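Here is a friendly walk through one protein model, written for someone who likes to check each statement against the coordinates. Please keep the viewer open as you read.

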Amino acid sequence: MKGNLKMEIFADYHTHTVFSHGKGTIEDNVKAAIQKGLKEIAITDHGPRHIFFGIRSRNYRKIRDEIDRMNDKFPDIKVLMGVEANLISLNGDIDVDDELLKYIDILLMGYHTGVSPFDFYNLVNLFGKNTASKYFSYLKPVVREQNTDAMIKAINKYDINIITHPGAKVDIDTKRLALAAKARGTALEINSSHGYMTVEYVKIAKSVGAKFVIDSDAHTPSRVGDFARGIEIAKKAGLATDDIINAKE
């Protein structure tokens, strides 16, 4: 997939299927990725605490088996099993248990609304305060700090490969998150669907040496490998191929 930066985006590490909030099957996404010329694709359905859309524990093995079948059927593309986990507590807990961890190849994590929190305390102090901050400006600096702290704790607690759409759902301190991500080898996603990270956020994160990934966040097979918006953000922010983990010359 050639873009304006004279680079090739060879992998889409953030796609959804009918196992969570997507419209296509795993094979539909894989075939779409092959048509776009991709060499890798990750199936990263929503974590199990995402209300209505989270993957069910009874499907973990089924998804793993289907992805293994795809790798056998389509040897020219590498298919990864992942999950887009949800931040569920101020202590950095996410909704991925040991059972799911043993099946996956790649771990993504982001903040989402419509998620069952770790407990009532976090319902009020994580999700409740973020909602309230939209109406009460005095809460904005409070939630900005707590959101950033919680994400950094998650990065340090789990082997998270990618933080999805940082800044899209809640306010964060981009520089602090980027420093933690760099230290742990975690990439920050430029999401072609949400348009986050913004150009400003990318510039801040780049200034401290963070790495990035450009993903589609496809919820339909037709959007797999659609990187145009992400590439444009990367271009405006002055990124080079070496800054992006799924890009090459």
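The report below goes from the sheet to a few backbone details and then to the pocket and the cavity.

## The sheet

Please bear in mind that this is a predicted model. A good place to begin is the open sheet, where seven strands follow the order S2-S3-S4-S5-S6-S7-S8 with parallel pairing. S2 and strand S8 (212-215) take the edge positions, and each has a single partner strand, so one side of each lacks a neighbour in the sheet. As background, the strands of a sheet pair through backbone hydrogen bonds, and the pairing is either parallel or antiparallel.

How many residues of S2 are buried? Five of the five are, so S2 is largely enclosed by the rest of the structure. This edge strand, S2, covers residues 11-15 and runs parallel to S3, to which three bridges join it. To find the register in your viewer, look for Ala-11 opposite Glu-40 in S3 and for Thr-15 opposite Ile-43 in S3.

S3 itself spans residues 40-46 and is mostly covered, with seven of its seven residues buried. Seven bridges link S3 to strand S4 (residues 78-86), and these strands run parallel. Within that pairing, His-46 has Glu-84 in S4 as its bridge partner.

The connections between these strands go through helices. Together, S2, helix H1 (residues 26-35) and S3 form a right-handed β-α-β unit. From S3 the chain then crosses through helix H2 (residues 60-73) to S4, and this β-α-β crossover is right-handed.

Further along the sheet, strand S5 (residues 106-110) pairs with strand S6 (residues 162-163) over two bridges in the parallel sense. Here Leu-108 has Ile-162 in S6 as its bridge partner.

## An annotated stretch

UniProt lists residues 11-89 as "domain: Polymerase/histidinol phosphatase N-terminal", in an unreviewed entry. Over residues 11-89 the chain is 30% helix and 27% strand. The end C-alpha atoms of that stretch are 30 Å apart.

## Backbone details and a buried helix residue

Some loop residues deserve a look if you plan to inspect torsions. Phe-52 is not a glycine, yet it has a positive phi of about 75 degrees. Phe-52 sits in the loop between S3 and H2. Is Phe-52 buried or exposed? Its relative accessibility is 73%, and the cut-off for exposed is over 50%, so Phe-52 counts as exposed.

His-165 also has a positive phi, of about 30 degrees, although it is not a glycine. The loop that holds His-165 lies between S6 and helix H6 (174-184). At 3% relative accessibility, His-165 counts as buried, the limit for that label being under 20%.

Another backbone feature is the cis peptide bond from Tyr-196 to Met-197, with omega near 10 degrees. Met-197 is placed in the loop between strand S7 (187-191) and helix H7 (199-207).

Ile-155 belongs to helix H5 (residues 140-157). With a relative accessibility of 0%, Ile-155 counts as buried. The C-alpha atoms of Ile-155 and Leu-177 are separated by 9.2 Å, while the two residues are 22 apart along the chain.

## Pocket and cavity

What volume does the largest pocket have? About 150 Å³. Its lining consists of Asn-130, Ser-133, Lys-134, Lys-140, Val-143, Gly-167, Ala-168, Lys-169, Val-170 and Asp-171.

There is one cavity of 30 Å³ or more. The residues that line the largest cavity are Tyr-111, Met-151, Thr-164, His-165, Pro-166, Gly-167, Ala-168, Lys-169 and Val-170. His-165, the buried loop residue with the positive phi, is thus part of this lining.

The table sets out the volume and the make-up of each lining.

| Space | Volume | Lining residues by class |
|---|---|---|
| Largest pocket | about 150 Å³ | three nonpolar, three polar, four charged |
| Largest cavity | about 30 Å³ | five nonpolar, three polar, one charged |

If you colour both linings in your viewer, Gly-167, Ala-168, Lys-169 and Val-170 appear in the pocket list and also in the cavity list.

Definitions and conventions. Residues are numbered from 1 along each chain as its sequence is written. This is a predicted model: local features need pLDDT of at least 70, side-chain atom pairs count only at pLDDT 80 or more; totals for chains, interfaces and linings use all residues. Side-chain values use heavy atoms; hydrogens and water are left out. Buried means under 20% relative accessible area, exposed over 50%, partly exposed in between (1.4 Å probe, protein chains only). Helices (H or I, at least four residues) and strands (E, at least two) are DSSP runs, numbered from the N terminus. Two strands pair if DSSP finds at least two bridges between them. A crossover is right-handed if, with the strands pointing away from the viewer, the path from the first strand over the helix to the second runs clockwise. On a 1 Å grid over the protein atoms alone, a cavity is a set of points where a 1.4 Å probe fits but cannot get out, and a pocket is an open set with protein on both sides within 12 Å along at least five of seven lines; lining residues have an atom within 4 Å of a point. Grid points are joined across faces, edges and corners, and a volume is the space filled by probe spheres set on the points. Ala, Val, Leu, Ile, Met, Phe, Trp, Tyr, Cys and Pro count as nonpolar, Asp, Glu, Lys and Arg as charged, and the others, Gly among them, as polar. UniProt positions are given in the numbering used here, feature names are shortened, and annotations may be inferred rather than shown by experiment.
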